[in-house]
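Please look over the sequence and the model below before reading the briefing. The points that follow are grouped by topic.

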Amino acid sequence: MIQQLLQLSRLGPQTPALKREKVELGALARAVVARFSARADQQQVDLGAVSNESAAVAGDAHQLMVLLDNLVDNALRHTPPRGRVDVIAGMHRGRPCLWVADSGPGI
């Protein structure tokens with residue numbers, strides 16, 4: 001979250017516009033899971049990516065990665081050992097969606 005706040009604070013009139021490119025959400029989910037897999041193993045949390053259909057958005061891949069990193073980091077922090085965290089990419093009601101589901105205590 002701190003990284004996102006720092007990035008927002010840097011935005012100003014001279015800041016270049018965010019990139020808008022095709023981002024495949026399934027690939028994004030798998031990349032985040034790969035980066036966090038060692039930590040999940042160490043915490044005894046089953047971390048996985050689920051992508052059963054193609055879902056893409058036009059957006060800034062880096063910013064979406066930061067967002068998903070924050071969600072997965074939070075889920076791992078609050079999921080007890082032998083718990084589960086899934087990063088899910090797919091379509092919902094005709095729209096591309098990302099979900100992070102975990103077996104933590106919730107809010």
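Arg 82 sits in the loop that joins helix 3 to strand 4. The model is predicted, and in it Arg 82 has a positive phi of about 65° although it is not a glycine. Most residues other than glycine have a negative phi.

**Positive phi angles**

- Arg 82 counts as exposed, because its relative accessibility is 71% and the cut-off for exposed is over 50%.
- Arg 93 also has a positive phi, with a value near 55°, and is a residue other than glycine.
- The loop between strand 4 and strand 5 (95-102) holds Arg 93.
- With a relative accessible area of 78%, Arg 93 is exposed.
- Gln 44, just after helix 2, takes a positive phi of about 60°.

**Thr 79, in the loop between helix 3 and strand 4**

- Thr 79 is placed in the loop between helix 3 and strand 4 (84-92).
- Is Thr 79 buried or exposed? Its relative accessible area is 6%, and buried means under 20%, so Thr 79 is buried.
- The side chain of Thr 79 reaches back to the backbone oxygen of Ala 75, at 2.6 Å.
- Leaving aside neighbours within four places in sequence, Thr 79 is in contact with Val 45, Arg 84, Val 85, Asp 102, Ser 103 and Gly 104.

**Asp 60, in the loop before helix 3**

- Asp 60 lies in the loop between strand 3 (56-59) and helix 3 (61-78).
- Asp 60 is buried, with a relative accessible area of 13%.
- Which backbone atoms does the side chain of Asp 60 reach? One is the backbone nitrogen of His 62, at 3.1 Å.
- Another is the backbone nitrogen of Gln 63, which the side chain of Asp 60 reaches at 3.1 Å.

**Helix 2: length and bend**

- How does the span of helix 2 agree with its number of residues? At 1.5 Å a residue, the 18 residues of helix 2 should span 26 Å.
- The end C-alpha atoms of helix 2 are 26 Å apart, which agrees with the expected span.
- Helix 2 also has a kink of about 50°, centred on Phe 36.

**Helix 2: buried residues**

- The buried residues of helix 2 are Leu 25, Gly 26, Leu 28, Ala 29, Val 32, Val 33, Phe 36 and Ala 40.
- Phe 36 therefore appears twice in this account: as a buried residue of helix 2 and as the centre of the kink.
- The elements that cover these buried residues include strand 1 (21-24), strand 2 (46-51), strand 3, helix 3, strand 4 and strand 5.
- Gly 26, in helix 2, is buried with a relative accessible area of 1%.
- Not counting residues up to four places away in sequence, Gly 26 touches Ser 51, Ala 55 and Ala 89.
- Gly 26 and Val 87 are 61 residues apart in sequence, while their C-alpha atoms are 9.0 Å apart in space.

**Salt bridges**

- How many salt bridges does a search of the whole structure find? The search finds five salt bridges.
- One of the salt bridges is between Arg 35 and Asp 69, with the closest N and O atoms 2.3 Å apart.
- This pair links distant parts of the chain, since Arg 35 is in helix 2 (residues 25-42) and Asp 69 is in helix 3, 34 residues apart.
- Arg 35 is partly exposed, with a relative accessible area of 45%.
- The side chains of Arg 39 and Asp 73 also meet in a salt bridge, at 2.5 Å from N to O.
- That pair links distant parts of the chain too: Arg 39 is in helix 2 and Asp 73 is in helix 3, 34 residues apart.
- Arg 39 counts as partly exposed, at 25% relative accessibility.
- Arg 39 and Asp 73 are linked with Arg 77 in a network of salt bridges.
- Asp 86 forms a salt bridge with Arg 84, and the closest N and O atoms are 2.7 Å apart.
- Asp 86 counts as buried at 14% relative accessibility, whereas Arg 84 is partly exposed, with a relative accessible area of 43%.
- Arg 84 is also one of the residues in contact with Thr 79.

Methods
Residues are numbered from 1 along each chain as its sequence is written. This is a predicted model: local features need pLDDT of at least 70, side-chain atom pairs count only at pLDDT 80 or more; totals for chains, interfaces and linings use all residues. Side-chain values use heavy atoms; hydrogens and water are left out. Helices (H or I, at least four residues) and strands (E, at least two) are DSSP runs, numbered from the N terminus. Buried means under 20% relative accessible area, exposed over 50%, partly exposed in between (1.4 Å probe, protein chains only). A polar contact is a pair of N or O atoms within 3.5 Å; within protein, one must be able to donate a hydrogen and the other to accept it, and residues adjacent in sequence count only if both atoms are side-chain atoms. Contact means heavy atoms within 4.5 Å. A salt bridge is a side-chain nitrogen of Lys or Arg within 4 Å of a carboxyl oxygen of Asp or Glu. The expected span of a helix is 1.5 Å times one less than its number of residues. The bend at a residue is the angle between axes fitted to the seven residues ending there and the seven starting there.
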